[in-house]
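Subject: Structure for your review

Dear colleague,

Please find below the structure for your review. A summary of what was found in it follows directly after.

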Amino acid sequence: MGNINTNLINIRKQIIAAETAYGRAPHSVQLLAASKAQPIEAIQEAMAAGQFAFGENYIQEALVKISALSDPRLEWHFIGKIQSNKLKAIAQSFHWVHTLTNLEHAKKLNSFRPTHLPSMNVCIEVNIDNETSKSGIVAADVLALAHEINNLSQLKLRGLMAIPTPQENFAEQRKPFHRLQKLLHNLQKQGVAADTLSMGMTNDFNAAIAEGATIIRVGTAIFGPRSK
Ligand SMILES: *Cc1c(COP(=O)(O)O)cnc(C)c1O
């Protein structure tokens with residue numbers, strides 16, 4: 001800790017540079033701070049540096065942070081693997097869910113979403129590399145799930161999310177992000193209103209921005225290595 005402010009300044013510069021380099025509109029890429037395993041103090045430090053969108057993976061841990069921090073500018077994104085018995089807590093406490101992978105979860109999330117809150121922003125997580133060990137649905141199933149989500153009044157389908165296989169080479173990093181971008185364009189062509197590509201982490205966010213990312217989820221480059 002202590003470097004969070006500096007790290008955020010550097011990352012914002014890199015985002016602006018990438019937007020310029022790849023012909024992206026200014027401010028078209030949102031930085032989501034992946035704060036799993038980070039203490040509340042680290043989040044407060046990021047807030048003091050002007051960061052208000054945070055992504056959390058573990059619901060117990062997230063609820064402690066969400067109830068301790070009450071700034072109305074805060075935006076909480078659930079980016080972890082969804083367990084069915086946690087959907088009520090997710091529906092009550094988050095603004096976004098990036099990791100929807102099936103209709104059953106979508107329906108539960110919809111029914112648990114309190115009606116006094118705005119509809120929940122959701123992304124479908126896609127297994128973009130077709131890895132057997134990865135979560136996310138295969139590309140061929142995305143359109144059908146998108147149509148189903150559009151019928152759920154408390155959910156607002158925003159787009160697609162993926163965590164590709166880590167690659168060192170920039171050109172290789174771009175390929176799965178390019179496939180996800182094509183998939184979003186295909187949804188749009190089929191009449192699905194969606195505007196979000198949640199893709200890119202510390203090691204590959206430049207490639208993701210080159211391929212149209214609108215939200216990059218960055219942990220290590222902001223907070224340093226996770227201790228647990
Ligand atoms: C932890 C995490 C990130 C951030 O990863 P870094 O490599 O630390 O930037 C992004 N997305 C998800 C889903 C994560 O779990």
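Which backbone oxygen lies 2.7 Å from a polar atom of the side chain of Gln-173? In this predicted model, the backbone oxygen in question belongs to Gln-167. The side chain of Gln-173 also reaches the backbone oxygen of Asn-203, at 3.1 Å. Gln-173 itself is part of helix 7, which spans residues 170-189. Its relative accessibility is 7%, and because the cut-off for a buried residue is under 20%, Gln-173 counts as buried.

The second topic is the ligand. The space that the ligand takes is the largest pocket. Around the ligand there are 13 residues, of which Lys-36, Asn-57, Thr-202, Gly-219 and Thr-220 come nearest. By character, the shell around the ligand comprises 6 nonpolar, 4 polar and 3 charged residues.

Three side chains deserve mention for their polar contacts with the ligand:

- Asn-57 places an N or O atom of its side chain 2.7 Å from an oxygen atom of the ligand.
- Arg-217 has a polar side-chain atom 2.9 Å from a nitrogen atom of the ligand.
- Arg-226 has a polar side-chain atom 2.9 Å from an oxygen atom of the ligand.

Taken alone, the ligand exposes 390 Å², and the protein buries 90% of that area.

With kind regards

Notes. Residues numbered from 1 in each chain as written. Predicted model: local features only at pLDDT ≥ 70, side-chain atom pairs only at ≥ 80, totals over all residues. Heavy atoms only, no water. Near = heavy atom within 4 Å. Polar contact = N/O pair within 3.5 Å; in protein donor to acceptor, adjacent residues only side chain to side chain. Areas by Shrake-Rupley, 256 points an atom, 1.4 Å probe, with all protein chains shown as cover. 1 Å grid on protein atoms, 1.4 Å probe; cavity = no way out; pocket = protein on both sides within 12 Å on 5 of 7 lines; lining within 4 Å. Sits in = over half its atoms within 2 Å of the grid points. Nonpolar A, V, L, I, M, F, W, Y, C, P; charged D, E, K, R; others polar. Helix = DSSP H or I, 4+ residues; strand = E, 2+ residues; numbered from the N terminus. Buried < 20%, exposed > 50% of the residue type's maximum accessible area, 1.4 Å probe, protein only.
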